[in-house]
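The following report describes selected packing features of a structure, shown below, for a reader who will want the cut-offs stated alongside the values.

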Amino acid sequence: MNPARNSAPRALATPLVHLDSEPYYHATGDELEVFAAAAKSGLPVMLKGPTGCGKTRFVEHMAWRLQRPLVTVACHDDLTTADLVGRYLIVGDETVWMDGPLTAAVRAGAICYLDEIVEARKDTTVVIHPLTDSRRALPVEKRGEYIEAPPDFMLVISYNPGYQSVLKEMKPSTRQRFVALDFDYPDAATEARIVAHEGGVDDDTAQKLVKLGHLTRKLKGAGLDEGAGTRLLVHAAQLIASGMSPAIACTAAIARPLADETDTRDALDDLIRAVF
Amino acid sequence: MGERKLFAHELEARLDELLLLSLRQRSAAEPAALLEALPRELQERVLHWAGVAAQTSDDLGWLIASRAAEQAASLGAQLDDWARAGLDAYDRSGLAATRRALNDFAAAHRAGAFESQEGVAFGAIEGRLSRFLHALEGRPLKLVAGPRAWTDSETLWLPERLDAAPDAAGNRRLYKAIAALLWAQTRFGSFNIDPEPELAQWPAPEAALRWFALFEAMRLEACLGRDLPGLAADIAGLRGPWPAALAATAAALARPQASVADSLACLAELRIVGAGETPNFPHVGALDPLAARRVRAVRIARDTATLRQALNVLRAVDPSAGGQDHPDYPPLAAQGQTQHVDPQAEFLALPLPAREAARSLQQDLGEIPPEVLQAAGPGAWSPVDGVDSSATVTVTTQPDAFYDEWDYRRAAWRHGWCHLYEMKAPVGDHAWVDEVRSRHAHLIRSIRRRFEALRGEDKPQRRQFDGEEIDLDAQVEARADRKSGTEPSPRLFIHRRRIERSLAVMFMVDMSGSTKGWVNDAERESLVLLCEAIEALGDSYAIYGFSGWTRTHCDIYPVKRFADRYDAATRSRIAGIEARDYTRMGVAVRHLSGLLARQNTRHKLLVTLSDGRPDDYGDEYRGRYGIEDTRRALLEARERGIRSYCVTIDRHGADYLPQLYGPAHYAVIDDAKKLPQKIAEIYRKLTG
């Protein structure tokens, strides 16, 4: 996002990711059909769900399935409109216009995925409005340009409704523009399959990891903001697959990332010990 | 401590002074004589705790002193825990309970539970255990320290202290094992059977119960092991291999299909064969099926009622959901088809309390009994809960919240100590506010002008490495630099940064009796000016008054809640702020910082307007106790992301305020009359 100013502008272009091999994704409901239908109808999609339950992976998978390039933007609280749309840069004695990731995606007819949109500044989220209604266009004020989105362009946003803070809620005027898909952790058997596949561990270890994940999720609101997501379980599985003992791997990949506070940390250690 | 021991007459004099015994015609001669034999360090501990207790009540002080004299020698290093247990019991239920708690503790100590220094106290592991069990159970379980380990299926009683294992880690594991097995009693159906007929046939039912508990522990250990093999391995490691005589029974009860009936069968078999001495396993808690079944019956009745009521409501709204033939609400499904009721699917539609009830019933009974799922006839879904209606009658006398208070002398919390009431703020004379506003019209205008300049807005920052726009001035310079051969600056952009005033402020106004008169006037005038200023800024703010009279009457007066506007009603309430009772500050800080923490702003600020140090009726809260408690409450607030600031007119404030708020977070105004003029400036500096 932060272009180095001295290199040639070509190098700064937003990378459009073309996925050649299938990103692993295990469907748990009708999300594949809904997404595909929304893509066909040119509707924007909103993915809701807790951290690490597979939202990003789902978008990658769909980009591969629909054979469209993918542009991913991780939103943060200092993300400005210019960061999304583009800006002028100075190269030598000239100014050069540089498309931002959103503009690049619109021009290329790509899927633009704005991850954790609520983190972005409120005024920034407004620039996506014209892209999400019947106009399907992006006005680039600084260039006086009005880019109409090709049929293949698709906007996808994600957000985590689990945050306690009211600040991190989306405005109704924004949310009501999207087709929404609810994501949650998959059921235990499915999750174990995912962990086994992604983490490269045997079924028994995967089931134990999932069991541990379920136990931590019950602590949501009682010491933890959120339980361990599938991603954390996969991380732990990968550590185990590389030869670490399950207890050390789970402590490093699950307990420590989740909690700082002593009682909760100790309780998580107890849970790890109990499961393995 | 290298000092010499105190002699009996010295001890007597010290006790007399601490407990004011001469006034009560008691003599400290006897305890003093007992204490004389102790080492100095222990003598001082006894005196310390006697003093601490005497600050709560003279009788309590005497009780602690006299008992400590008898038991200090045997308690040794456990004296502190012993005294704390006693004081805690006093807070909860009075002197008789203290006596019991002290005796229980000492008895447990004598029983040899406290042999080593490696023991673990319940308090040290409570938080960790409760979270562990919460994760297993999916909802919080109540943990209480008690003389023996058992559960009534809702609360887990665990020993005050464990010392059976050789090291602390082992004792912590033992706590975990005991707690997990007790939890398993409810989870895996130990109370699903009435053991009374069998127990009645035993000559000593207590011995029978202990055997029953042991058999159940064998079964439950295996139950736990199926889900949590690591936990079962821990338990097995703690108990060691079963004695040869029991090994076969343990193996039989470990089978997956074994149930509580099998444990009872083992008990019956044992009665016929003849039971020897009951083996003692520290990890096996007690089993009290009678008490547990009583609690369980109440819970099942309550859950059944909740669930049935919710199902009835659901079916009344959507008759197809129930699938029952209901005369008033015939099913909508095609005729002739039998509808399959899927309780799981139906439960998903229920409100959360009913879902919890269903889960709890499933756990208690193994399944939801079909009769619960039957519609209970027309009219049954009207709210008939008599318990609830009686509860609302007493609501006026119920405190709105209970807060813990920190007792620095015990270095422990007093649980649920302060009773907080949210009162209706009195309404004052609106004309007074108008008068203040016209008197300070000039000041208000200048404050508003200055504050408006602070309002959040986009500020372009020039000459940045990165930004949305090109900084033309910088670009021209850079070009000139390049032409002249100097290295040009790479800072060529303008970055627009939105200066957001994401701020919520809570004003906590001292309404203690000492503010009566001009201090109170100054406070009210200051608030009027502050409101004018903050309205210009657009910050979110609230004003609450606090006052109180002992720990059971801590009152909070909402003058302006965050959601309230600065309108005539609010202004009248500012005018209505009056001097009342005392300043028990800790509880007010806890309550108000809780309200403040719920605000969704990036910064949160708690500003106290006060005329002196924390104080309350009686000697207890005065002095260091109140300061330590308030300090603790402010630290808790800081942990919640709240910054605190204090504006006081107490000239001695410099003595204790740095300790409470930190060196730079308070302002002492020497003249109350200057408060209104200074307050806005303080606020501007604080938030600018």
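## Cores, a helix pair and a chain contact

The largest nonpolar core has 89 residues, and those with the most contacts inside it are A:Val195, A:Ala236, A:Leu271 and B:Ala179. A nonpolar core here is a set of buried Ala, Val, Leu, Ile, Met, Phe, Trp, Tyr and Cys residues joined through C-beta atoms within 7 Å, where a residue is buried if 20 or more other C-beta atoms lie within 10 Å of its own, exposed if 12 or fewer, and partly exposed in between, with C-beta atoms placed from the backbone. Helix H10 (residues 205–227) of chain B gives the most to this core, with 12 residues. Apart from it lies another core, and the two are set out below.

| Core | Size | Residues, among them |
|---|---|---|
| Largest nonpolar core | 89 residues | A:Val195, A:Ala236, A:Leu271, B:Ala179 |
| Another core | 69 residues | B:Met508, B:Ala533, B:Ile556, B:Leu609 |

This is a predicted model, in which local features need pLDDT of at least 70 and side-chain atom pairs count only at pLDDT 80 or more, while totals for chains, interfaces and linings use all residues. Residues are numbered from 1 along each chain as its sequence is written, and chains are lettered from A and ligands numbered from 1 in the order in which they are written.

Leaving aside neighbours within four places in sequence, A:Val195 is in contact (C-beta atoms, placed from the backbone, within 7 Å) with residues including A:Ala206, A:Leu209 and A:Val210. Helix H8 (residues 188–199) of chain A packs against H9(A) at an angle of about 120°, with the axes 8 Å apart; the two helices are therefore oblique to each other, a class left for angles that are not under 35 degrees, over 145 or from 65 to 115. To this contact H8(A) brings A:Val195 among others, and H9(A) brings residues including A:Ala206, A:Leu209 and A:Val210. Its residues divide into seven nonpolar, three polar and two charged.

The contact between the chains takes 30 residues from chain A and 24 residues from chain B. On the side of chain A that touches chain B, strand E3 (86–91), helix H9 (203–217) and helix H12 (262–275) of chain A each supply at least two residues, and H12(A) gives the most, with nine residues.

Elsewhere, A:Arg135 lies in the loop between helix H6 (129–132) and strand E6 (137–140) of chain A. A:Arg135 is partly exposed, with 13 other C-beta atoms within 10 Å.

Terms used. Two residues are in contact if their C-beta atoms, placed from the backbone, lie within 7 Å. Helices (H or I, at least four residues) and strands (E, at least two) are DSSP runs, numbered from the N terminus. Axes are lines fitted to C-alpha atoms, for helices over the stretch in contact, and angles run from 0 to 180 degrees between N-to-C directions. Ala, Val, Leu, Ile, Met, Phe, Trp, Tyr, Cys and Pro count as nonpolar, Asp, Glu, Lys and Arg as charged, and the others, Gly among them, as polar.
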